[in-house]
Amino acid sequence: MTVCNLLALFVYCIWKLRSGGASAEVDTDTEAPLELPVLKEEAGCSTPVQQTTFYIEELPRKFSYEEICAMTGDFGNMVGRGGSGEVFRGLLDDGTPVAVKQITSNKPVGEADFLREISIVASVHHRSLVRLLGYCLVRRGGSHQCLLVYPFFEHGSLDWWLFNGEDRRRLLPWPTRRRIAIDVARALAYLHHECRRQILHLDIKPANILLDGCLRAHVSDFGVSMSIAQDMTSVETRGRGTLGYMAPEISLSKLSDVYSYGMTLLELVCGRRSVEDGGASSETTTDFLARIVREKMARGALMEVVDAAMVRVDEEEVEAVVNVALCCVQHRRELRPSMLTVVEILEGRVVVGLPLED
C-alpha cells in the first residue's frame, strides 16, 4: 500500500511539473505584448530607450543644367544681381516659383567639397532662414558654374524697400522693422550657436534679407555662396562681405557677422545706406552712418536721424535698438555682444548695459 501511494505521488509530481512548464510557456507568449506600454511610459526617463525608427532628412534635389535652363526660360528673367552672382526667377514643373542663383567662378570647384557644403546647408532648418531646394554644378569652358535653387519671395529683399523712395519705406512701419530685426537676429543666433557645425554668414546686408507675404524676414545666401566666391576680386565680395557691412578686422569669426548685423540694423532704423555715395575714399565713409548716429545719441537728438517715413514711433524702443546696433559695430570685436544676447535684448527678456568703446 505504501509503495502504491509513493508511486501515485511520484506520477502526480511529474504531471504538475509538465503542466506548470506548459502553462509558463503560454503565459510568456500571451503576456509579452503587455510589456510595450511599460517601455512607452519609461521613454521620458533619463535612461535612453533604443529606437528602431530612423528619420532621414530631405536632401536638396540635384538638377541637370537642362532642367535649370527650362525652369528659368534660358535665364530670361533676372531679378537680382550681387557680388557673388545673379538671380533668376523660375518655375518648377508643378508651377512653384523659385529663385535660381548663378555663381560663376574661375577657380575649380571640387564636387566632393561642394556636396559636403550642400549637406551642411541642407541640415539647417529655421523659419527665418531661406531653405535650399536644389543645386546644379557644371563646368562650361574654363569656368565652373554653381546654380542654387531657393524658394521665390514675391516681396523681394529688404534693400528694395529701404533704398527706393519714401513711399516704399512708409510701408515698413516701426513694429514691422523691429520684427524684421528680431527675425534676422534669431537666424544668426541659430547659425552661430545652435547648428551642429557653426556657420558664418559673412555677408549680412539688406540685399540678403528676403521678406515673405507677411513682411517677415528670411536670411539668404548663407553657407555655400560665399565659400564658392572666395576667389572673386570684386570690391563687393572679396570673400568676406560687402563694403559698408564688413567688420574692420582681418580674421573672420561670428563677431564679423555681428558687425554686419549692426550696420544693417542702423539702416533699418534710419532708412538710408551705411556707406555714403561718392565724396571721400571708401576708407573714410564705410561707417559714416554709425558715426552720425553716435553723435546724435550723445546730443540727445537721435530722432533727427530716424527714418521720417515711419509714423507713431516708440522712441524708447528705437533708442534701445540703436544702442544694440552701436554695440554691434564697435571696432574692438571683443566688446561686441553675441547674437544670443542681441536676441534676448530685442525681445525684452533681459536688460543689459552693453559696454561701449571709448
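1. Let me start with the contacts (a contact being heavy atoms within 4.5 Å). Of the contacts in the protein with a separation of 6 or more, 63% are between residues 24 or more positions apart.

2. A word on ground rules, since this is a predicted model: local features need pLDDT of at least 70, side-chain atom pairs count only at pLDDT 80 or more, and totals for chains, interfaces and linings use all residues. Numbering runs from 1 along each chain as its sequence is written, and side-chain values use heavy atoms, with hydrogens and water left out.

3. For the overall picture, the protein has 13 helices and eight strands; these are DSSP runs numbered from the N terminus, with helices being H or I of at least four residues and strands E of at least two. Of the 358 residues, 43% are buried, where buried means under 20% relative accessible area, exposed over 50% and partly exposed in between, using a 1.4 Å probe and protein chains only. The exposed area comes to about 19900 Å², with carbon and sulfur atoms supplying 54% of it; such areas come from the Shrake-Rupley method with a 1.4 Å probe, and for residues only the protein chains shown count as cover.

4. Helix 7 (residues 174-194) is a nice one to check for geometry. The expected span of a helix is 1.5 Å times one less than its number of residues. For the 21 residues of helix 7 that gives 30 Å, and the end C-alpha atoms are 29 Å apart, which agrees. Helix 7 is also largely enclosed by the rest of the structure, because 15 of its 21 residues are buried.

5. You may want to look at Lys101, which an unreviewed UniProt entry lists under "binding site". Please keep in mind that UniProt annotations may be inferred rather than shown by experiment; positions are given in the numbering used here, and feature names are shortened. Lys101 sits in strand 4 (residues 97-105), and with a relative accessible area of 8% Lys101 is buried.

6. Now the aromatic residues. There are three aromatic pairs in the structure; rings of Phe, Tyr and Trp (its six-membered ring) pair if their centres lie within 6.5 Å, and planes under 30 degrees apart count as stacked, over 60 as edge-to-face and the rest as tilted. Tyr65 and Phe75 make a tilted pair, 6.1 Å centre to centre with 35° between the planes. This pair links distant parts of the chain: Tyr65 is in helix 3 (residues 65-72), and Phe75, ten residues apart from it, is in the loop between helix 3 and strand 2 (78-82). Both Tyr65 and Phe75 are buried.

7. Phe75 also pairs with Phe88: the ring centres are 5.1 Å apart and the planes at 75°, so this pair is edge-to-face. Phe88 lies in strand 3 (residues 85-91), 13 residues apart from Phe75. The relative accessible area is 17% for Phe75 and 5% for Phe88, which is buried. Together, ring pairs join Tyr65, Phe75 and Phe88 into a cluster.

8. Two arginines lie over ring faces, a term that needs NZ of Lys or CZ of Arg within 6 Å of the ring centre and within 35 degrees of the ring normal. Arg89 is over Phe152, at 4.7 Å from the ring centre, and Arg168 is over Trp160, at 3.6 Å.

9. Finally, Val258 in helix 9 (residues 254-270) counts as buried at 1% relative accessibility. Leaving out residues up to four places away in sequence, Val258 touches Cys328, Arg336, Pro337 and Met339. The C-alpha atoms of Val258 and Met246, twelve residues apart along the chain, are separated by 9.9 Å.
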